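I opened my notebook to record what I looked up in this structure, entry by entry. My plan was to go through the topics in turn and to write down what I found for each.

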Amino acid sequence: MATKSAPDSTRRSERSRHAIYDAALELVSEVGYSKLTIEAIASRAGVGKQTIYRWWPSKGAVLLDAFLDLGKQASIEASTEAGHELEHEIPDSGDVEADLKYVVRATIDELKNPKYDAPYRALAAEGMLNDDIGAEYVEKLLEPGLQLYVKRLRIAQEAGQVAPEVEPRIALELWTGPIAQRWLQRTGPLTHEYGDKLVEYALYGIAPR
C-alpha cells in the first residue's frame with residue numbers, strides 16, 4: 001500500500017512548500033532525476049534539508065507532490081482564464097471519435113511540453129523501482145485521467161457508438177498504451193496524426209471493412 005508522502009497541511013509553511021516544489025521541478029529539468037538530490041532541492045528552495053526530510057521520505061515523493069501541485073495550479077489558471085471552474089471531463093459532442101482525438105491530441109501536447117516532460121519521465125521511471133511512488137503515481141496521477149476515458153466510452157456505449165460487450169478500462173489502453181510507450185522509449189515521433197490513427201484503429205479495427 002502506498003504511504004503518505006507529505007505531512008498534514010497544517011504542519012507546512014505554504015511558502016516553503018511551494019519553494020520546494022518549484023526547486024524540485026526546476027532541478028529535475030536542469031540536471032535530470034539521477035543527479036537530483038534533497039540537498040540541491042533544499043539549497044534552491046532556501047530551506048534546510050531536514051525540513052524536506054520531515055515532510056517527505058525521498059526525492060521521488062517530493063517530485064510527485066510537486067508534479068501534482070503543478071497540475072492543480074494549471075487547472076486553477078485555466079479556470080481563471082475561462083472565468084469559471086472547468087470540469088475535468090472528456091467533452092461529449094455526440095461524436096466519440098472526435099472527442100477522443102481531441103483529448104489524445106491534448107495529451108500529446110502535454111507530454112511534449114518541456115514543463116511536464118522531465119518530471120513526468122522521472123516519476124514514470126522511479127515508479128518502476130519504488131513501489132510506494134509507483135502506487136501513488138498510478139492512484140493520483142494516471143488512474144483519474146484514465147477513468148475519464150472510461151466514463152466517455154460508457155456514454156458512447158449508451159449511444160450505440162461502442163459495442164456493449166467492450167470493457168472500457170481495457171479498451172482505452174489501445175491508444176493510451178502505445179502513446180506512453182512511444183513517449184517513454186522514443187520509438188518514433190509523437191504527433192497528432194499518430195494519436196488520430198490510434199483512435200481510429202481502436203474504434204474501427206485493422207481488418208478489412
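**Entry 1, a pocket.** I began with the second largest pocket of this predicted model, and I noted for this pocket a volume of about 170 Å³. Which residues line the second largest pocket? I listed L153, Q161, V162, A163, V166, A171, L174, W175, A202 and L203. When I sorted the lining by class, I counted 9 nonpolar residues and 1 polar residue, with no charged residues. I also looked up which helices take part, and I found that α9 (173–185) and α10 (192–204) each supply at least two residues of this lining.

**Entry 2, the loop between two helices.** Staying with α9 and α10, I turned to R186, which is placed in the loop between them. Is R186 buried or exposed? I wrote down exposed, because its relative accessible area is 59% and the cut-off for that word is over 50%. I then checked the backbone and found that R186 has a positive phi of about 55 degrees, although R186 is not a glycine. I added a reminder for myself that most residues other than glycine have a negative phi.

**Entry 3, the domains.** The domain assignment that I consulted divides the protein chain into domain 1 (13–66) and domain 2 (85–209). I noted that their C-alpha centres lie 29 Å apart, and that 9 residues of domain 1 are in contact with 9 residues of domain 2.

**Entry 4, the core.** I next looked up the largest nonpolar core, which has 54 residues, and I marked I20, I41, I52 and Y149 as those with the most contacts inside it. Which helix gives the largest share of this core? I found that helix α7 (residues 131–158) does, with 8 residues. I also saw that this core draws at least three residues from each of domain 1 and domain 2. For background I copied out that in soluble globular proteins, nonpolar side chains tend to be buried together.

I then followed I41 in more detail, and, leaving aside its neighbours within four places in sequence, I found I41 in contact with I20, A23, A24, L27, L36, I52 and V62.

**Entry 5, a residue of α7.** Finally I looked at A135, which lies in helix α7. I entered A135 as partly exposed, because its relative accessibility is 31%, and that value falls between the cut-offs of 20% and 50%. I also noted that A135 and E193 are 58 residues apart in sequence and, from C-alpha to C-alpha, 32 Å apart in space.

Technical notes:
Residues are numbered from 1 along each chain as its sequence is written. This is a predicted model: local features need pLDDT of at least 70, side-chain atom pairs count only at pLDDT 80 or more; totals for chains, interfaces and linings use all residues. Side-chain values use heavy atoms; hydrogens and water are left out. On a 1 Å grid over the protein atoms alone, a cavity is a set of points where a 1.4 Å probe fits but cannot get out, and a pocket is an open set with protein on both sides within 12 Å along at least five of seven lines; lining residues have an atom within 4 Å of a point. Grid points are joined across faces, edges and corners, and a volume is the space filled by probe spheres set on the points. Helices (H or I, at least four residues) and strands (E, at least two) are DSSP runs, numbered from the N terminus. Ala, Val, Leu, Ile, Met, Phe, Trp, Tyr, Cys and Pro count as nonpolar, Asp, Glu, Lys and Arg as charged, and the others, Gly among them, as polar. A nonpolar core is a set of buried Ala, Val, Leu, Ile, Met, Phe, Trp, Tyr and Cys residues joined through side-chain atoms within 4.5 Å. Buried means under 20% relative accessible area, exposed over 50%, partly exposed in between (1.4 Å probe, protein chains only). Domain bounds come from an automatic or database domain assignment. Contact means heavy atoms within 4.5 Å.
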